[in-house]
Amino acid sequence: MSNASLKNLFHPGDGRIPPYFAGRGQERQYFQDCVDLLMRKSPLDQNMIIYGPRGNGKTAMLRYLQKETLRQTDNKIEVFWVTPSEFKDLGELASLIIGNDQSLFQKVQNLFKPLLDNFSVAANVGAASIATSLNRPRVMLALKALFLEKSRNKPFILIMDEAHTLDPDMARVLLNASQDIRVDGCLFFLVLAGTPNLRTELCNANATFWSRSELFPLGRLSHEDSYDALTIPLKLHQVTFSQEAESGLLSRVHRYPYFIQVWGNCIANRLYETDSLRVTMDTIREVEKTAMMKCDQMYLDRYGELREMSLRPLANHIAQAFSKAEKEYIPEKEFEKLIGKALEDQGAPATNESIRKNIRNLLHIGYVWEISVPNEEKGGYSLVCYEPGIPSLMTFVIMQM
């Protein structure tokens, strides 16, 4: 195999599918089960909600699921990808979904036109540009009619990435419409993905059934999956590793998907430049400066967010606590006390509301991550705990204070 194939083998930061997609077994299995049901013409019971900090591979996973679904079903299911930045109202979302489908446009035109103040055809695509200056019940009826028509010939999966930026009113209509048409037997599957505050935004939307969706929190990869994501793409190109190099790389990527792609890309490009197929600690040292510069940019971005949100002292307090205790995670009650103490030290009110607000902000930017840990002392019930979103980011924060 040509060494040239190593160049730009990995794809850090652009949401593309990694060269080897590792982990996310529960998410993949649930999505596949839903696809299997749709292929058997069986309507689904739930939507799928995915949330996690940026850099944890949500977009890459969704791209992977989309690609695999189209491949496995031989395009017998339609998968439509969209983000809220592409439409300003549900009318524009409808227009995107209709696209160049003249047959669908003709059917939906009659469904929408009586409801709209302004209805025009976009000459460039021949689709509807639909205004939504309507009352919400009528908008939902129109949206339901569109989804029913869209999924009449083959099942329709709507994937919405960055869903935490969706307007709450639009989220409510979308979620309630999805619930209603699935009850009516429509072969429709809605997948929403966003940052950890997606759950808060959906609560604000007051959509009746959203909490009954299947929820998937997307944290860092396991040690085993991190190892596979980093080494398998290289090994498939005949690359070998010294044992020390394998351990050295794993200790640097912190189970964080973005860092895996950064380090993998630097290593692969170095092997290409040196016409080598062997990774040693010398290889790691040769690319360390370049890799760390790329990681530092992420640290700077997150640190800037902490600064803008007035979270720097609090973030430092948390980082010091994890460092001194040498813990991988802190139980919720202990963590809330930690936040309260940090707020009091700053002279800020340590009310339950302020504590929870600060935790939500820390979750949103990925500084900490909420996990459940089985606890035998509690009869096997899991404890809600918090772990560092990226351990090395906490080290970075400590160094700045």
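This passage describes the nonpolar cores and two buried residues of a predicted model. Residues are numbered from 1 along each chain as its sequence is written. Local features need pLDDT of at least 70, side-chain atom pairs count only at pLDDT 80 or more, totals for chains, interfaces and linings use all residues, and side-chain values use heavy atoms, with hydrogens and water left out.

The largest nonpolar core (buried Ala, Val, Leu, Ile, Met, Phe, Trp, Tyr and Cys residues joined through side-chain atoms within 4.5 Å) holds 57 residues. Leu234, Ile318, Phe335, Ile339, Leu362, Tyr367 and Val368 touch the most other members. Elements giving two or more residues to this core include helix H8 (223-235), helix H12 (312-325) and helix H13 (332-345). Helices are DSSP runs of H or I, at least four residues, numbered from the N terminus. H11 supplies the largest share, nine residues.

Phe335 is in contact (heavy atoms within 4.5 Å) with Ile318, Phe322, Ile330, Ile359, Val368 and Tyr386, leaving aside neighbours within four places in sequence. A second, separate core has 40 residues, among them Ala94, Ile97, Val108 and Val139.

Phe105 is found in helix H4 (residues 102-112). Its relative accessible area is 5%, so Phe105 is buried (under 20% relative accessible area, 1.4 Å probe, protein chains only). The C-alpha atoms of Phe105 and Leu62 are separated by 28 Å. The two residues are 43 residues apart along the chain.

Glu246 lies in helix H9. Glu246 counts as buried because its relative accessibility is 18%. Not counting residues up to four places away in sequence, Glu246 touches Tyr227, Lys235 and Phe241.

Terms used
Buried means under 20% relative accessible area, exposed over 50%, partly exposed in between (1.4 Å probe, protein chains only).
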